[in-house]
Amino acid sequence: MAKNNIKRIAINTGGGDAPGLNAVIRAATIAALNRGWECIGIRDGYNGLLLPEEYPDGGLIPLTSERVRGITHLGGTILGTTNKGNPMKYPVKGKDGKMHETDRTGEVVQLFKRSKIDALISIGGDGSLTISNALAKKGLRVVGVPKTIDNDLEKTVITFGFDTAVGFATMCLDRLHSTAEAHQRIMVVEMMGRYAGWIALNSGISGTADAILIPEIPYDIRIVAEKIQERYSRGRKFAIVVVAEGARAKGGTYSVVSKELGRADRLGGAGERVSEELQQLTGRESRCVVLGHLLRGGSPTTFDRLISLRFGAAAVRALEEGKSGVMVALDPPTVRYVPLEQATRRMKTVPLDCDTMLTARDLGICFGD
Ligand code: F6P
């Protein structure tokens, strides 16, 4: 008799991709196969299950040891992902011809039953884990794995993908120093991270930025301009300003590129805005670089690979122990399991009194406040 009546499990990846997804898939698959369980990959979030007609070669892929061979170091996800197919807010055309958001989670649970899948390992960020929580409440056995370059998930010390993104962003800042200095310019660097400033803060400090603007601290652009002028007057005739995509001026709004039914708002434009304003206020030439999706690509760092492999294996152990409705969380030196309800309750933003912030202030980095 299979332990906890598990014979067949599924794995899916949802939301924006992050380096380490394939390592989680590999560890979870091998750990499941070693227990004698069958392992299935769902393509593109839940779409492989909900829209089988769109996958002539199958929306559900058998995950074998051959299929997960040699993928630990690869970015992206062999299963595909989407941030459009949220079953809690599925866009469906109504009788009025307009698109409406419909809850299809009940249907998803039924589809799992019909496909004889006993449990799901869902790898995702806040959006995907909120869906996992809803499915768990409707009776599906689910264990979540915390993914996101943004590192904005509560109850885990860190999410996988973040370390890779910060490392790449820091390398970009290092490279921008020489061109900024050569042209005596202000270089403004916009970084992803949604409504949390983790990537901007950690790379900004490590890459010795002069100013870092994060969503947690609405900025006054005149303060940033003064800091830059003071720097130029000391003979340091260039400046590096890191801007999180969710940064906004005091009393201002987020820079939103587009709003679409069934998905989170797309952010963008915060860096360009800051760059133009700084050029105007300082009279110095300014250029904006948007790192965007480059932060999500490439091979995971050793740190990300290792926590991804640990998370994948731990998710299987959780199912074996009969757990459900939980997320694997990093709690060095070990991992633990926290209820999905708690993990998705609120976003983890940068605490303004944490020592990383204090370090930045001690180093004289300007936050525009
Ligand atoms: O959550 C990860 C993330 O990369 C955010 O930092 C960013 O705001 C968003 O996804 C971008 O999403 P998309 O790939 O849909 O443009």
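In this predicted model, an oxygen atom of the ligand lies 3.1 Å from a polar backbone atom of Gly-193. Two further contacts of this kind involve side chains: one with Asn-83, at 3.0 Å from a ligand oxygen atom, and one with His-293, at 2.9 Å from a ligand oxygen atom. The table sets out these distances.

| Residue | Part of the residue | Distance to an oxygen atom of the ligand |
|---|---|---|
| Asn-83 | polar side-chain atom | 3.0 Å |
| Gly-193 | polar backbone atom | 3.1 Å |
| His-293 | N or O atom in the side chain | 2.9 Å |

The residues that surround the ligand are Asn-83, Ile-149, Asp-150, Met-192, Gly-193, Arg-194, Glu-245, Arg-263, His-293 and Arg-296.

The protein chain is assigned two domains. Domain 1 comprises residues 8-160 together with 300-343, and domain 2 covers residues 163-296. Over C-alpha atoms, the centres of domain 1 and domain 2 are separated by 33 Å. To their contact, domain 1 brings 19 residues and domain 2 brings 15 residues.

The size of an interface is often expressed as the accessible area that is lost when the parts come together. Between domain 1 and domain 2, about 1,500 Å² is buried, and carbon and sulfur atoms account for 55% of this area. Polar contact between the two domains is found for 6 residue pairs. On the side of domain 1 that touches domain 2, strand 5 (99-102) and helix 9 (302-320) each provide at least two residues. Strand 5 makes the greatest contribution to that side, namely 3 residues. By residue class, the side of domain 1 that touches domain 2 consists of 6 nonpolar, 6 polar and 7 charged residues.

Side chains of opposite charge can pair when their charged atoms come close. How many salt bridges cross the interface of domain 1 and domain 2? The count across this interface is 1 salt bridge. Asp-17 and Arg-296 form a salt bridge, with 2.9 Å between their closest N and O atoms. Arg-296 is also one of the residues surrounding the ligand. The total number of salt bridges is 18. Asp-17 is located in the loop between strand 1 (8-13) and helix 1 (21-34), while Arg-296 is located in the loop between strand 13 (286-290) and helix 9, so this pair ties together parts that lie 279 residues apart in sequence.

Two features of the backbone remain to be described. Pro-332 and Pro-333 are joined by a cis peptide bond, with omega of about 10°. Pro-333 belongs to the loop between strand 14 (326-331) and strand 15 (334-339). Lys-155, although not a glycine, has a positive phi of about 75°. Lys-155 is found in the loop between strand 7 (142-146) and helix 5 (162-183).

Technical notes:
Residues are numbered from 1 along each chain as its sequence is written. This is a predicted model: local features need pLDDT of at least 70, side-chain atom pairs count only at pLDDT 80 or more; totals for chains, interfaces and linings use all residues. Side-chain values use heavy atoms; hydrogens and water are left out. Domain bounds come from an automatic or database domain assignment. Contact means heavy atoms within 4.5 Å. Buried area is the accessible area (1.4 Å probe) that two parts lose on being put together, summed over both. A salt bridge is a side-chain nitrogen of Lys or Arg within 4 Å of a carboxyl oxygen of Asp or Glu. A polar contact is a pair of N or O atoms within 3.5 Å; within protein, one must be able to donate a hydrogen and the other to accept it, and residues adjacent in sequence count only if both atoms are side-chain atoms. Helices (H or I, at least four residues) and strands (E, at least two) are DSSP runs, numbered from the N terminus. Ala, Val, Leu, Ile, Met, Phe, Trp, Tyr, Cys and Pro count as nonpolar, Asp, Glu, Lys and Arg as charged, and the others, Gly among them, as polar. A residue is near a molecule or strand if one of its heavy atoms lies within 4 Å of it.
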